[in-house]
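I am opening a notebook on a protein that is new to me. I will look up its overall build, then a few helices, and then some single residues.

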Amino acid sequence: MPVLPVPQFKALPPLSLYVHIPWCLKKCPYCDFNSHEIREQGNQALEDDYVKALIKDLETALPDIWGRRLSTIFFGGGTPSLFSANAIDTLLTAIRMLLPVEHFAEITLEANPGTFEAQKFADYRKAGINRLSIGIQSFNRQHLQALGRVHDDQEAHRAVEIAMKNFDNINLDLMYALPRQSLQEAQQDIETACALGVTHVSAYHLTLEPNTLFHRYPPKLPDDEQAAQMQEIIELTAANHHYRHYETSAFAQTGKESRHNLNYWLFGDYLGIGAGAHSKISFADKIVRQMRYKQPKEYLSRAHAGDSLIQTQQQLTIDDRGFEFMMNALRLSSGFDTVLFRERTGLPITAVQTQLEEAEQRGLLVHDHLRIKPTVLGRRFLNDLLQIFLPENNPAG
């Protein structure tokens, strides 16, 4: 087989910044994120220490992204709303001093009910946060208890109430296919979320991830057929409330799609700072993935010693580029413009021509010269669609 030349990028994709705050009040039994229970709430020394480490992390990463502008910023966790508004303000000020930020950049903070205080959230807004993502998971008290959440249904409603007084762009995270959840209860959760009038709702299927308590001690979950019915009810209910189902798990009012997540799904670049944060950065002739040291203690000690914070770094192969682009972009209901494939991977669309034809023959996607998008069947069986694009299935590899 001929060896493909190393592709060169004519222009680099948009750049986002992800800031990981790894602490939470309590580790949930289903959670496999890099999050750690905070031993003492309101630990000012820890907060100050971590903010300094994050700023140092960003400073040392600057050569990789020099001269590039940030289009979105996302504070994720853990529970970033455990940190004070002053800490978030300090971070945003440092970010703006070190990097150009688009004038109307989307700046999101993840928050959990149980950390909501009216003044604190008013101060987040003043600091520059303009989008809030709230981890509700369910409005049902029993299900919240089963999920090990620290909040109840009343606190969930109170959190949304405080959020809506301070923000006009709000996402609610929900989960479905919960232990012993009925179809009616799943419908009630999505009805409640939509009726509140927030701009965005995410609905995730509960899965038993390795290294979680639920994986070791599995609860009784709805079967696949029930879960599929729940998904259909959620999609229908969201549509009835005029939310557009624009990505596998995401529903938005017109123009309120998550710009940060869209950049991920369209294979844009992102710098991740903080313990365990991941990055994907394009250069003229390569794409690099990085991961920061995961354990907060090790991350902090390395930051203060001036040691490298990057635990792993790898360059994407040409085959990886095609697969990773498809793995992200085919999550979008409307698919993507064909020209974007070359812009973001440096490869011609013909690099995945065989797989495109197979996926089309199987009724999983449709494509022409301008656009490629999954069919209803392809969206329902997304894993089957993505499998076609695995590097080992690429005859050009």
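**Overall build**

I began with the overall dimensions: a compact globule of 397 residues would have a radius of gyration near 21 Å, and the protein has 21 Å, which agrees. I note at the outset that this is a predicted model. Along its principal axes, the C-alpha trace spans about 60 × 55 × 40 Å.

I then looked up the secondary structure and found 15 helices and 17 strands in the protein. Of the 397 residues, 52% count as buried. When I turned to contacts between residues at least 6 apart in sequence, I found that 71% of them join residues at least 24 apart.

For the surface, I noted an accessible area of about 18,600 Å², of which 51% belongs to carbon and sulfur atoms. I also looked up the charges, and the mean positions of the 39 positive and 47 negative ones are 3 Å apart.

**Helix H11**

Next I checked the length of helix H11, residues 318-329, whose 12 residues should span 16 Å at 1.5 Å a residue; the end C-alpha atoms are 17 Å apart, which agrees. I listed its buried residues as Arg-321, Gly-322, Phe-323, Glu-324, Phe-325, Met-326, Asn-328 and Ala-329. What do the buried residues of H11 pack against? I found four helices and two strands as partners, namely helix H9 (259-265), helix H12 (338-345), helix H13 (353-361) and helix H15 (382-387), together with strand E13 (287-292) and strand E15 (336-337).

**Helix H6**

I made the same kind of check on helix H6, residues 183-195, where 13 residues reach 18 Å from the first C-alpha to the last, close to the 18 Å expected at 1.5 Å a residue. Its buried residues are Ala-186, Asp-189, Ile-190, Thr-192, Ala-193 and Cys-194. I wrote beside this list a reminder that an α-helix has 3.6 residues a turn, so residues three or four places apart point the same way. The buried residues of H6 pack against strands E6, E7 (170-176) and E8 (200-205), and also against helices H5 (153-166) and H8 (224-240). After H6 comes Gly-197, and I noted that its phi is positive, near 80°.

**Gln-137 and Phe-267**

I placed Gln-137 in strand E6, which covers residues 131-137. Is Gln-137 buried or exposed? At 9% relative accessibility, Gln-137 counts as buried, since the limit for that word is under 20%. Leaving out residues up to four places away in sequence, Gln-137 touches Tyr-30, Leu-147, Arg-149, Asp-173, Leu-174, Met-175 and Asp-189; of these, Asp-189 is already in my list of buried residues of H6. I also noted that phi of Gln-137 is near 70°, a positive value in a residue other than glycine.

Phe-267 also has a positive phi, near 60°, and is likewise a residue other than glycine. I found Phe-267 in the loop between H9 and strand E11 (269-273), and at 1% relative accessibility it counts as buried.

**Ser-35 and the cis bond**

I looked up Ser-35 in the loop between strand E2 (23-24) and strand E3 (36-37), where it counts as buried at 8% relative accessibility. Apart from neighbours within four places in sequence, Ser-35 is in contact with Pro-22, Cys-24, Lys-27 and Gly-78. The last of these led me to a peptide bond, for the one from Gly-77 to Gly-78 is cis, with omega near 25°. Gly-78 itself lies in the loop between E4 and helix H2 (85-98).

**Leu-70 and Gly-255**

I found Leu-70 in strand E4, residues 70-77, and it is buried, with a relative accessible area of 0%. Which residues does Leu-70 touch, not counting those up to four places away in sequence? I listed Leu-15, Ser-16, Leu-17, Ile-95, Leu-99, Pro-100, Val-101, Glu-102 and Ala-105. From Leu-70 to Glu-298, 228 residues apart along the chain, the C-alpha atoms are separated by 28 Å.

My last entry is Gly-255, in the loop between strand E10 (250-252) and H9, which counts as exposed at 59% relative accessibility. Gly-255 and Thr-199 are 56 residues apart in sequence, and I noted 9.1 Å between their C-alpha atoms.

Notes
Residues are numbered from 1 along each chain as its sequence is written. This is a predicted model: local features need pLDDT of at least 70, side-chain atom pairs count only at pLDDT 80 or more; totals for chains, interfaces and linings use all residues. Side-chain values use heavy atoms; hydrogens and water are left out. The radius of gyration is taken over C-alpha atoms; the globule rule is 2.2 Å times the number of residues to the power 0.38. Buried means under 20% relative accessible area, exposed over 50%, partly exposed in between (1.4 Å probe, protein chains only). Contact means heavy atoms within 4.5 Å. Accessible areas come from the Shrake-Rupley method with a 1.4 Å probe; for residues, only the protein chains shown count as cover. Lys and Arg count as positive and Asp and Glu as negative; His and the chain ends are not counted. The place of a charge is taken as NZ of Lys, CZ of Arg, CG of Asp or CD of Glu. The expected span of a helix is 1.5 Å times one less than its number of residues.
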